[in-house]
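Q: Some questions about how the terms are applied follow. What is counted as a helix or a strand here, and from which end are these elements numbered?

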Amino acid sequence: MNYQDTINWMFSQLPMYQRQGKSAYKADLHNTQVLAEHLNHPEFKFKTVHVGGTNGKGSTSHMLASVLQEAGYKVGLYTSPHLKDFRERIKINGKEVSKQFVISFIKKHKPFFEQHTLSFFEMTVGMAFDYFSKKKVDIAIIEVGLGGRLDSTNIITPLVSVITNIGLDHTQFLGDTLEKIAGEKAGIIKPNVPVVIGETQIETKSVFTETAKNNNSEIYFADQNITSVLDSDLKGSYQQKNIKTVLQTLQILKQNNFNISQNNIALGLNSVVSNTGLKGRWQILQESPKVICDTAHNKEGLTYVVNQLKTEVYNKLHIVFGVVSDKDLSTIIAILPKKATYYFCRPNISRGLDENNLKHTFKAHGFVGKSYSSVNEALSNAKKSAKPEDLIYVGGSTFIVAEII
């Protein structure tokens with residue numbers, strides 16, 4: 001199989017949450033543990049930082065990787081989902097895993113994957129850990145995929161665990177209250193491993209402190225400990241919270257004999273995009289009219305985005321918007337601006353919500369807009385309608401952003 005054949009096989013043969021939704025979610029780590037044993041436990045052969053949470057874990061992971069790169073370390077970075085190419089998920093010092101490694105890894109282990117009916121996510125995690133082990137990284141930043149306790153990445157024992165915040169997302173898997181979701185996310189807290197909590201929340205603080213106590217883990221609430229932040233090339237006021245989380249985590253890594261200077265930190269935070277290739281976080285695609293995209297897709301993330309939009313100067317606001325079909329629209333519709341023209345569209349995946357259904361729901365709540373058969377058609381019409389002094393925002397789903405960057 002060539003690279004495209006390999007990727008097609010991975011996507012089509014195995015359950016994958018991104019495309020299938022709930023049916024792809026496995027409620028135990030058995031398969032991942034079996035795979036790790038099959039691969040001779042690569043996860044034990046390099047140091048790690050484990051990053052979970054509802055929002056900000058991707059940005060936080062990329063920031064940490066960028067700073068450690070500036071400090072001269074060989075840094076693995078595992079994140080999900082990807083926007084354009086599967087290989088975005090697995091990087092070393094910003095360089096994506098080679099197509100040849102992906103092909104050879106799948107070819108070598110395909111009979112094992114089929115025998116054990118491994119999910120897309122399980123074998124992708126195995127691929128990342130195998131790659132980082134073979135390439136002898138100094139440290140790898142590992143982003144949790146979904147939840148924490150039962151996530152395939154949760155077979156590592158990191159130097160530090162990080163939980164950015166808790167919001168009501170993926171409630172069909174993780175629970176319908178912040179406390180229940182926090183309980184799942186707290187599953188990445190390991191015995192005697194310090195944990196950084198990005199945002200102190202009344203509903204979740206006791207869950208984290210209790211879990212840390214039971215694990216004899218020191219707990220740090222970054223928003224209480226870090227009083228000043230540095231600049232970053234990741235724009236958006238919401239990144240201030242992530243920067244505090246990063247600064248707290250770096251303090252702990254320095255206690256673990258990582259040599260990281262203030263200059264490394266400043267340079268790393270200001271070079272995240274160039275060092276790691278991160279896209280889709282308050283990304284400005286063009287000026288006049290200004291077009292901004294962001295992958296925020298739940299209530300908390302979109303609240304940050306709406307607040308950020310309020311700081312922009314423009315004449316009229318145009319919003320290209322689409323979501324997946326299992327999104328609870330009632331949680332986000334109240335926070336989105338009504339004083340805007342909407343261009344409703346469906347992301348090009350089977351889980352995408354029909355654009356006409358989306359338009360109908362929004363119009364019933366007093367929003368104004370039309371539906372379009374594709375994301376690019378919606379954006380094209382927004383650009384035709386917008387004057388140079390207007391603002392176009394593109395978002396609602398990672399998959400919407402993926403189609404236009």
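A: A helix is a DSSP run of H or I with at least four residues and a strand is a run of E with at least two, both numbered from the N terminus. In this predicted model, S288 lies by that naming in the loop between β9 and β10.

Q: What makes β9 and β10 paired strands, and in which sense do they pair?
A: Two strands count as paired if DSSP finds at least two bridges between them; strand β9 (residues 283-286) and β10 are joined by three bridges, in the antiparallel sense, and therefore meet the requirement. One pair of bridge partners is I284 with I292 in β10. The hairpin of these strands has three residues between them, and S288 takes a positive phi near 55 degrees there, although S288 is not a glycine. The peptide bond that joins S288 to P289 is cis, with omega at about -5 degrees.

Q: Which strands are called edge strands of the sheet, and what makes them so?
A: The sheet is open and mixed in its pairing, its eight strands following the order β4-β3-β2-β5-β1-β6-β7-β8. Within that order, β4 (95-96) and β8 (219-221) are the edge strands, since each pairs on one side only. For β4, the pairing is with strand β3 (residues 90-92), which runs antiparallel to β4 and is joined to β4 by two bridges; at least two are required, so the two strands count as a pair. Within this pairing, K91 stands opposite E96 in β4.

Q: Why are α3 and α5 called roughly antiparallel to each other?
A: The axes of helix α3 (residues 30-38) and helix α5 (residues 99-116) come within 11 Å and cross at roughly 155 degrees. Angles over 145 degrees count as roughly antiparallel, and α3 and α5 are therefore given that description. The crossing is right-handed, and the residues that meet are N31, V34, L35 and H38 in α3 and H109, F112, F113 and H116 in α5.

Q: Why is α4 called oblique to α11?
A: The axes of α4 and α11 come within 9 Å and cross at roughly 45 degrees. That angle is neither under 35 degrees, as roughly parallel would require, nor between 65 and 115, nor over 145, so α4 is oblique to α11. This crossing, too, is right-handed. Among the residues that meet are M63 and L64 in α4 and V246 and L250 in α11.

Q: What makes E184 and R149 a salt bridge?
A: The closest N and O atoms of E184 and R149 are 3.0 Å apart, and the cut-off is within 4 Å, so the pair qualifies. E184 belongs to helix α8 (residues 178-185) and R149 to the loop between β5 and β6 (160-163), so the salt bridge ties together parts that are 35 residues apart in sequence.

Q: Why does K241 with E199 count as a salt bridge?
A: Here the closest N and O atoms are 3.9 Å apart, and because the limit is within 4 Å, K241 and E199 are still counted as a salt bridge. K241 lies in helix α11 (residues 239-255) and E199 in the loop between β7 (195-197) and α9 (205-214), so parts that are 42 residues apart in sequence are tied together.

Q: Why is E199 called buried, and why is K241 called partly exposed?
A: Buried means under 20% relative accessible area, exposed means over 50%, and partly exposed covers the values in between. E199 has 13% relative accessibility and therefore counts as buried, whereas K241, with a relative accessible area of 35%, is partly exposed. By the cut-offs just given, E184 at 13% is buried and R149 at 39% is partly exposed.

Q: How do you know that K136 is exposed?
A: K136 has a relative accessible area of 64%, and as exposed means over 50%, K136 falls in that class. K136 is placed in the loop between α6 and β5 and has a positive phi of about 55 degrees, although K136 is not a glycine.

Notes
Residues numbered from 1 in each chain as written. Predicted model: local features only at pLDDT ≥ 70, side-chain atom pairs only at ≥ 80, totals over all residues. Heavy atoms only, no water. Salt bridge = Lys/Arg side-chain N within 4 Å of Asp/Glu carboxyl O. Buried < 20%, exposed > 50% of the residue type's maximum accessible area, 1.4 Å probe, protein only. Axes fitted to C-alpha atoms, helices over the stretch in contact; angles between N-to-C directions. Left-handed = near helix turned anticlockwise from the far one by under 90°. Contact = heavy atoms within 4.5 Å.
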